[in-house]
Amino acid sequence: MSKPVTGAPGALVQESEGRKLAATVFGYESPAELTKPKSIARLCRSDIIYSTVQILKEGGENNLHAHSAQDGVWIVLKGRARFYGKDDSLLAELAPLQGVHIPRGFYYWFEKVGDEPLEILQVEAIDKTIVNKRLDATPLKDATKQAQYI
């Protein structure tokens, strides 16, 4: 994939009400080689939103958990994913270009389905009026603890 086209670098910076603001232009390309079961590509981040692509080579990749101040949107780019709620109840099985919204405080976990690696876009918005904590209902899995940031 080629780099995104951008205008003049100065066009990405503005000032509003005394604050300096900078737009972020980014692209994503599937990694050629992965060395760990789970990798995370950071796309962008601000004080109230961030986005990554998580790449899962194998298995169920996280534990039952919630985020106290984050609403998340997950969209499958490649592969398939299953999302589960409390008591391992199936929320959805997602194919490419399908997604799910997980509201703050909602307990969930997800796993890759099938042989193809899962590439899933994560977009999280953070409510700054609430303390942002990860609320683990079950222990973290090794793949989550050892995720590779690329």
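Lys and Arg are counted here as positive and Asp and Glu as negative, while His and the chain ends are left uncounted. On this basis, in what is a predicted model, the chain carries 19 positive and 19 negative charges, and the mean positions of these two groups lie 4 Å apart.

The chain contains 1 helix together with 13 strands, and their order along the sequence can be written as β-β-β-β-β-β-β-β-β-β-β-β-α-β, a pattern in which the helix is followed by one strand. Taken along the principal axes, the box filled by the C-alpha atoms has dimensions of roughly 50 × 40 × 25 Å. Of the 150 residues in the chain, 36% are buried, and the area that the chain exposes comes to about 9000 Å², of which carbon and sulfur atoms supply 53%. When contacts with a separation of 6 or more are considered, 66% of them are accounted for by residues that stand 24 or more positions apart in the chain.

The pairing of strand β6, which spans residues 70-78, was examined with respect to two other strands. With strand β11, formed by residues 118-126, strand β6 pairs in the antiparallel sense over 8 bridges, and within this pairing Val 73 is placed opposite Val 123 of β11. Strand β6 is also joined to strand β9, which comprises residues 99-102, through 4 bridges, and these two strands likewise run antiparallel; here Trp 74 is the residue that stands opposite Val 100 in β9.

Terms used
Residues numbered from 1 in each chain as written. Predicted model: local features only at pLDDT ≥ 70, side-chain atom pairs only at ≥ 80, totals over all residues. Heavy atoms only, no water. Buried < 20%, exposed > 50% of the residue type's maximum accessible area, 1.4 Å probe, protein only. Contact = heavy atoms within 4.5 Å. Areas by Shrake-Rupley, 256 points an atom, 1.4 Å probe, with all protein chains shown as cover. Charge placed at Lys NZ, Arg CZ, Asp CG, Glu CD. Pairing = 2+ DSSP bridges.
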